[in-house]
Amino acid sequence: MGGEWGRMSLGEFVTLQRGHDLPDEKRRPGTIPILGSFGITGWHDEMKSRGPGVTVGRSGASFGVVNYTTQDYWPLNTALYVVDFHGNDERFAYYFLKQFDFSSYNSGSAQPSLNRNFIHPVSVDVPPISEQRAIAHILGTLDDKIELNRKRNETLEAMARALFKDWFVDFGPVRAKMEDREPYLPADLWSLFPDCLDDNGKPAGWTLVAASELIEFNPTEPLRKGTPTPYLSMASLPTSGSWPEPPVIRDFGSGMRFRNGDTLLARITPCLENGKAAFIQCLPEDTVGWGSTEYIVMRSKAPVPSEYAYLLARDSIFREHAIRSMTGTSGRQRAQGDSIAAFKLASPPDKNLWHAFGAQVAPMFRSIRSNARANETLAQLRDTLLPKLVSGEMRIADAEKFMQRAGCHTSSQTRSVS
């Protein structure tokens with residue numbers, strides 16, 4: 001069993017200080033993350049605190065939101081940040097503060113507000129440094145795996161988007177043939193592309209068609225009112241990445257309906273400008289989901305792969321067209337479905353090219369789905385272990401040997417930053 005836990009004030013465990021103001025006009029291009037109340041809000045060329053670092057949101061919706069960084073950073077005045085860890089493990093301090101109940105120490109009236117003077121005197125129980133490191137290693141390993149899967153998904157989607165742009169926007173293989181460049185695709189794929197562009201700048205033999213000929217917009221799905229079914233809010237739509245949050249179950253009232261393989265495109269200001277879109281892969285098999293009427297649902301028509309509609313929705317030229325189609329009052333404009341459906345696309349005459357494109361991108365999206373589901377499991381495990389480990393309900397026997405077996409360095413580190 002690990003050593004005895006010590007009782008001390010929170011201020012003896014970590015010293016918190018209010019962050020520093022940095023208005024937009026004073027920010028300069030750089031690689032230093034600016035940590036606000038919800039995490040990274042931008043980048044700068046100067047740091048205010050050495051990493052690793054921990055911040056805690058001070059007020060409003062960010063009250064008590066805890067963030068961690070391994071880098072040197074600039075903590076904004078919308079958050080408190082740790083200026084002295086007093087020899088404690090930095091990542092353990094992050095998990096400890098994530099589990100800390102800040103709601104009991106609200107110093108505000110109109111809205112929640114966090115004052116370090118209210119929380120510094122609070123008594124807390126803290127494990128010895130060896131157990132801190134063991135706890136941080138266990139929880140950190142799960143978070144690191146989650147982050148690795150997230151980055152893998154970013155890479156997979158970037159690859160799919162690059163392939164879409166090359167084949168259907170830039171017509172890269174055709175231009176390469178015109179310039180007598182070496183093939184950069186396998187021979188069977190290379191042969192699917194014509195040798196030149198026509199007078200309109202599209203591949204010879206391809207036709208210019210309205211998007212509605214390749215994609216069905218807002219398809220109808222039978223769903224009886226009051227039926228419990230997965231619901232996706234507008235907030236669930238990501239501004240990057242294709243995987244929305246796991247849907248909640250809610251009785252159907254009225255709204256857009258969709259299935260796996262459909263694409264949801266936000267059509268209101270500012271969601272459309274921010275690039276909110278999702279490729280649906282999160283529903284149980286043969287289930288209809290529903291959500292906001294402010295989605296446009298896009299469903300590829302055979303033989304067009306379902307992923308094509310999503311990659312089109314992410315394309316900057318298509319999104320700019322959708323933005324230009326917006327009508328309505330200032331601050332609440334909506335993209336018009338008819339205008340989006342009329343967007344012109346170059347369509348190959350050979351369905352084999354559609355099949356080839358699907359064969360390239362579908363495995364990428366299957367991997368994205370697999371990684372996302374793995375992250376759900378990892379996050380559930382982390383969230384189960386976190387309160388038990390940080391409170392001492394679950395102890396780590398002989399933490400020093402545990403860390404040695406894990407191959408981790410256990411020398412003490414003390415950080416004091418002003």
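**Exercise 1. Decide how covered helix 7 is, and list its buried residues.**

Helix 7 is mostly covered, with eight of its nine residues buried. Buried means under 20% relative accessible area, exposed over 50%, and partly exposed in between, with a 1.4 Å probe and protein chains only. The buried residues are Glu307, Tyr308, Ala309, Tyr310, Leu311, Leu312, Ala313 and Arg314. Helices (H or I, at least four residues) and strands (E, at least two) are DSSP runs, numbered from the N terminus.

This is a predicted model: local features need pLDDT of at least 70, side-chain atom pairs count only at pLDDT 80 or more, and totals for chains, interfaces and linings use all residues. Residues are numbered from 1 along each chain as its sequence is written, and side-chain values use heavy atoms, with hydrogens and water left out.

**Exercise 2. Describe how helix 7 packs against helix 8.**

Start with the geometry. Helix 7 (residues 306-314) and helix 8 (residues 316-324) pack at about 70 degrees, and their axes are 5 Å apart. Helix 7 is therefore roughly perpendicular to helix 8. Axes are lines fitted to C-alpha atoms, for helices over the stretch in contact, and angles run from 0 to 180 degrees between N-to-C directions. Angles under 35 degrees count as roughly parallel, over 145 as roughly antiparallel, 65 to 115 as roughly perpendicular and the rest as oblique.

Next, the residues. Helix 7 contributes Leu312, Ala313 and Arg314, which meet Ser316, Phe318 and Arg319 of helix 8. Contact means heavy atoms within 4.5 Å. By class, three residues of this contact are nonpolar, one is polar and two are charged. Ala, Val, Leu, Ile, Met, Phe, Trp, Tyr, Cys and Pro count as nonpolar, Asp, Glu, Lys and Arg as charged, and the others, Gly among them, as polar.

**Exercise 3. Analyse the contact of helix 2 with helix 4.**

Helix 2 (residues 90-99) and helix 4 (residues 129-168) pack at about 75 degrees, with axes 8 Å apart. These two helices are therefore roughly perpendicular to each other. From helix 2 come Arg91, Phe92, Tyr94 and Tyr95; they meet Gln132, Ile135, Ala136, Leu139, Gly140, Asp143 and Asp144 in helix 4. The residues of this contact divide into six nonpolar, two polar and three charged.

**Exercise 4. Locate the largest nonpolar core and place Tyr308 in it.**

A nonpolar core is a set of buried Ala, Val, Leu, Ile, Met, Phe, Trp, Tyr and Cys residues joined through side-chain atoms within 4.5 Å. The largest has 50 residues, and Trp167, Met298 and Tyr308 have the most contacts inside it. Helix 10 (residues 351-391) supplies the largest share, eight residues. A second, separate core has 37 residues, including Val54, Ile135, Leu385 and Leu386.

Now take Tyr308. Beyond four places in sequence, Tyr308 touches Phe164, Phe168, Leu214, Ile215, Ser300, Leu345, Trp354 and Phe357.

**Exercise 5. Is Ser300 buried or exposed, and which polar partners does it have?**

Ser300 lies in strand 18 (residues 295-300). Ser300 is buried, because its relative accessible area is 15%. Its side chain reaches the backbone oxygen of Pro305 at 2.8 Å. A polar atom of that side chain also lies 3.4 Å from the backbone nitrogen of Ala309. A polar contact is a pair of N or O atoms within 3.5 Å; within protein, one must be able to donate a hydrogen and the other to accept it, and residues adjacent in sequence count only if both atoms are side-chain atoms. Leaving out residues up to four places away in sequence, Ser300 touches Leu214, Ile215, Pro305, Ser306, Tyr308 and Ala309.

**Exercise 6. Find the surroundings of Ala160 and Ile280.**

Ala160 is found in helix 4. Ala160 is buried, with a relative accessible area of 0%. Leaving aside neighbours within four places in sequence, Ala160 is in contact with Leu311, Val361, Met364 and Phe365.

Ile280 lies in the loop between strand 16 (277-279) and strand 17 (289-291). Ile280 is buried, with a relative accessible area of 0%. Neighbours within four places aside, its contacts are Leu232, Pro244, Phe258, Arg259, Asn260, Gly261, Asp262 and Leu264.

**Exercise 7. Summarise the whole chain.**

The chain has eleven helices and 19 strands. Buried residues make up 50% of its 418 residues. Its C-alpha trace spans about 75 × 50 × 45 Å along the principal axes.
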